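Reader: Could you take me through one part of this model up close? I'd like to hear about the place where the ligand sits, and what holds on to it.

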Amino acid sequence: MVKICCIGAGYVGGPTMAVMALKCPEIEVSVVDISEPRINAWNSDKLPIYEPGLDDVVKQCRGRNLFFSTDVERHVFESDIVFVSVNTPTKTQGLGAGKAADLTYWESAARMIADVSKSSKIVVEKSTVPVRTAEAIEKILTHNSKGIEFQILSNPEFLAEGTAVKDLYNPDRVLIGGRGNAAGEKAVQALRDVYAHWVPVERIICTNLWSAELSKLAANAFLAQRISSINAMSALCEATGADVTQVAHAVGTDTRIGPKFLNASVGFGGSCFQKDILNLIYICECNGLPEAANYWKQVIKVNDYQKTRFANRVVSSMFNTVSGKKVAILGFAFKKDTGDTRETPAIDVCNRLVADKAKLSIYDPQALEEQIRKDLFMARFDWDHPVSLQQIKAEGMLEQVSVVSDAYEATKDAHGICVLTEWDEFKSLDFERIFESMRKPAFVFDGRNVVDAVKLREIGFIVYSIGKPLDSWLKNMPSVA
Ligand code: NAD
Ligand code: UDX
């Protein structure tokens, strides 16, 4: 029986290995992590991440051929294939701070693999890493290997949160990069055989190591670039009376462009896009390619512009002051169907409104109150060292933010509503009831274009929708560019 171990039981390691265990019943899959609470949660009825369909997959195989454990060393020792799916956040200090990927967790995992291994292993980069990381990892492994043979493969993950199980069942492609020699090809074939249990072989792409590593950064950069392109267009739509949804449809029907990832929004968020583009920028700079670096920088700048533009619109529409006013925030997660709040645009918008002394009442169906509070008060990129609630209290900023458990409570007595995540339940809210309970004039700022603006205007709301023709009210307010 082939044994697989995955180091890192996070948003990628957990779902990826659960689906692998389900599709390969004759393979034993162990997911290990240094975080005891995380592993305990994977072994409980309340999984540590919310992901549609995941509970069912885990229930089917946990205890059969899927195991979650903190005994990292034992499972690595026993495995033939070791996936490394640890976090690779943006560095917060030192050389490359704010741009380069922090490979501390990766390096410590690699050293541990070298220490405990007594038999040959295939080590698979599942984490998103800078191009040529495999070379560094290879050096760490071979210099500490005591004669054991390691083959390094790059197998980046393309799942998106909220649709992870669906994406894993039916991936557009699986990418495997390996060395071109006989041993490398044998390792690629072994991993290919695992995926071939459920992925059609024509969708398994095999490349050299560096192409696989770079393709992951490139794919995220291209996806984010589309969003910044349509968001830049949304600002022009507002200024000219064009409708960004109509423009996106007209543009996206060109088969060379395609319709996906053209939804204008308050900005992209999530743990990947910004981190991976910053990493790409850093790699371009390190390779003496400032023009290429500047091109990708612009994708992030437009995203920052979009978040600022939105927050400024809120303040300027409400008579240029939100001081002391209650503003309801509907949705805090970076997208629907996840509780993940990493790099969510809601953080920037909320911080901007807090700075203008607004009183925020936040409701999200999945994001946890403690997480929301931590997010609003921690330094950017510093998920691994979040501030404690004690620190937040000491800063005296708790009073301005409340986190509530339903949309009606959030909106009661509010002057305005900001929709920051496209949760389906926001489409079917009773907006007549909400209007009655709000201060007048009542504003809705829809950062995801999910509410029915026409219906809301009939009720009496003043509505701002990203990239849509402006209400006469908003047109007369000061410019927000
Ligand atoms: P995560 O933070 O949710 O999970 C990483 C886990 O690794 C944590 O639980 C941490 O405790 C554990 N860990 C760190 N060092 C360890 C060690 N030495 N031994 C054992 N466990 C260790 O991160 P994630 O979102 O799952 O992302 C993992 C990687 O996958 C990143 O490189 C990310 O860029 C990439 N990725 C993420 C997504 C996504 O949607 N989240 C998608 C594709 C790729
Ligand atoms: C992304 C990539 O899609 C995935 O392939 C990769 O493995 C990890 O990074 P994820 O961040 O989970 O996945 O979600 P995604 O659906 O890409 O959305 C990212 C952000 O972009 C979200 O904030 C989302 O709301 C926003 N977005 C997405 C838009 O604003 N408009 C769009 O058209 C699409």
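Author: Sure, and keep in mind that this is a predicted model. A good way in is Ile34, where a backbone N or O atom lies 3.4 Å from a nitrogen atom of ligand 1. Tyr11 also takes part through its backbone, with an N or O atom 3.0 Å from an oxygen atom of the ligand. Arg342 uses its side chain instead: a polar atom there lies 3.0 Å from an oxygen atom of ligand 1. As for cover, ligand 1 taken alone exposes 830 Å², and the protein buries 92% of that.

Now for the shell as a whole. There are 25 residues around ligand 1, and the ones that come nearest are Asp33, Arg38, Thr88, Glu161 and Lys275. By type, the shell splits into eight nonpolar, ten polar and seven charged residues. Both domain 1 (3-199) and domain 2 (243-476) give residues to this shell, so ligand 1 lies between them.

While you're here, have a look at the salt bridges too; a search of the whole structure finds 27. One of them joins the side chains of Lys3 and Glu28, at 4.0 Å from N to O. Lys3 lies in strand 1 (residues 3-7) and Glu28 in strand 2 (residues 28-32), so this pair ties together parts that are 25 residues apart in sequence. Lys3 counts as partly exposed, at 24% relative accessibility. The pair also belongs to a network of salt bridges that links Lys3, Glu28, Asp71, Arg74 and Glu78.

Conventions. Residues numbered from 1 in each chain as written. Chains lettered and ligands numbered in written order. Predicted model: local features only at pLDDT ≥ 70, side-chain atom pairs only at ≥ 80, totals over all residues. Heavy atoms only, no water. Near = heavy atom within 4 Å. Polar contact = N/O pair within 3.5 Å; in protein donor to acceptor, adjacent residues only side chain to side chain. Areas by Shrake-Rupley, 256 points an atom, 1.4 Å probe, with all protein chains shown as cover. Nonpolar A, V, L, I, M, F, W, Y, C, P; charged D, E, K, R; others polar. Domains from an automatic or database assignment. Helix = DSSP H or I, 4+ residues; strand = E, 2+ residues; numbered from the N terminus. Buried < 20%, exposed > 50% of the residue type's maximum accessible area, 1.4 Å probe, protein only.
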